[in-house]
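Q: Got a minute to go through this model with me? I'd like to poke at a few spots and see what they touch.

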Amino acid sequence: MFYDTISRAPEKISIVNKYYKKHAAKIKRSYCLFLHKMGLLKPFSFVMWLATYKCNCTCPFCEASAGEAHPDELTTLEAKALIDDLAQMGVKRFLISGGEPLERPDIIELMEYANRRKLNLGLVSNGYRVEELWKDLSRFNYSIYFTSIDGLAPYHDKMRGKANAFSHAIKSLELFEQKKVKIRMVNTVVHPGNIHQMEPLLKMLKDGPANLWHLCPAAKVGRAENDSFSLSGKELRYLSEFIKGNRKVMNLDFGESYAYLWCFDGSFAGKAFFCGAGLVRCSVMPDGEVLGCHQVYDKAYSEGNIRNKSFSKIWKEEFSRFRKKDFRSSCKKCEHFYACQGGCWGKIEKQGACLKGSWHKK
């Protein structure tokens, strides 16, 4: 697919790599807007479905504010109708998240159905029930398995509010490694309470079953809408140096929503940034609301509900807030505008600014 080609090929050619990273966001955005104008734009990256709000952990920075299942979550038949619609419109990657998706009683039936419809599954799980359900889970094809680790075992268990949460997360990665799933990712939400654990955590992860580690500064969304989880400029710069200094040790980077931080670093050391919200990816909430951003789960930004209008029609006809050509004047004046194109949409929308101000503070 051409979108994948323009995403990966330039980074493999060293002579154009840095130039490309300085302009990648502009190139990709322009290409997506052209496809949209021609009626050919699709969610090339993925459609993420939050299968349920129910979760067996109580993370204090949960973006979805998960806990108990909501009474209006999609039924089995409604979820299958969504899967049918995605398959018919040519979606390739279907990422199932939550809450904790494995807490949904019919999740195995729905994953099996998605596999039969030729959707390439991704699973986002805290890992706690993976081993218990492995006989069923091992039958499916996956493009990615994604779990979160908050720090070393005692700290991780404390943050999750669950004994043995760390060991279950590691065991889940081992099982997906045995299945030879191509991408086995650990995501770590980094905040002042765990940033000092990055070095020992690297020593533990580097020879383990994960083959990708994303470090994500905590965002002020969900249950983390306070300053206690925010990193200082010094901490953000430390994190970039930590990533650069250890990229030969393990495949690690900022999380995709934060890859624009490489603009401020000036090295463009990691993956080229592009905010594909509403352009190449989107999220479907447990109750069927469709949101462009996979980080800000606020129904005020809904593009429509699949109970009232099919996903394919919502994708084609809505998302104008993501597909416009205008940017804030502060963004257009910024020296990083071509490489950044406004940064993380959710960060800008919720806080009115990217992390540039924080980055440069001492």
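A: Sure. Keep in mind that this is a predicted model. Let's start with S125: leaving out residues up to four places away in sequence, S125 touches E100, L102, V130, Y145, F146, T147 and S148.

Q: OK, and where does S125 lie?
A: S125 is in a loop, the one between strand 3 (120-124) and helix 5 (134-137).

Q: Is S125 buried or exposed?
A: Buried: the relative accessible area of S125 is 4%, and the cut-off for buried is under 20%.

Q: Switching to strand 1. How many of its residues are buried?
A: Five of the five, residues 46-50, so strand 1 is largely enclosed by the rest of the structure.

Q: Which residues sit on which side of strand 1?
A: F46, M48 and L50 are on one side, V47 and W49 on the other, and all of them are buried, so both faces are covered. As a general point, side chains in a regular strand alternate between the two faces of the sheet.

Q: Which way do strand 1 and strand 8 run?
A: They run parallel, with four bridges joining strand 1 to strand 8 (residues 281-284). One of the residues involved is V47, whose bridge partner in strand 8 is C282.

Q: And how many bridges pair strand 1 with strand 2?
A: Four, in the parallel sense, with strand 2 covering residues 93-97. W49 has I96 as its bridge partner in strand 2.

Q: What do strand 1, helix 3 and strand 2 make?
A: A right-handed β-α-β unit, where helix 3 is residues 76-88.

Q: Different topic: cavities. How many of 30 Å³ or more are there?
A: The count is three cavities. The largest cavity holds about 60 Å³ of space.

Q: What lines the largest cavity?
A: The lining is K21, A259, Y260, W262, C263, F268, G270, K271, A272, F273 and A339. By class, that is eight nonpolar, one polar and two charged residues.

Q: Tell me about A339 then. Where is its place?
A: A339 is in helix 13 (residues 337-340). A339 is buried, with a relative accessible area of 5%.

Q: What is A339 in contact with, leaving aside neighbours within four places in sequence?
A: K21, K22, A25, C263, F268 and F273. Among these, K21, C263, F268 and F273 also line the largest cavity.

Q: Last one: what separates the C-alpha atoms of A339 and E100?
A: 34 Å, with the two residues 239 apart along the chain. E100 is one of the residues S125 touches.

How values were computed: Residues numbered from 1 in each chain as written. Predicted model: local features only at pLDDT ≥ 70, side-chain atom pairs only at ≥ 80, totals over all residues. Heavy atoms only, no water. Helix = DSSP H or I, 4+ residues; strand = E, 2+ residues; numbered from the N terminus. Buried < 20%, exposed > 50% of the residue type's maximum accessible area, 1.4 Å probe, protein only. Contact = heavy atoms within 4.5 Å. Pairing = 2+ DSSP bridges. Right-handed = clockwise from strand over helix to strand, strands pointing away. 1 Å grid on protein atoms, 1.4 Å probe; cavity = no way out; pocket = protein on both sides within 12 Å on 5 of 7 lines; lining within 4 Å. Points joined across faces, edges and corners; volume = space filled by probe spheres on them. Nonpolar A, V, L, I, M, F, W, Y, C, P; charged D, E, K, R; others polar.
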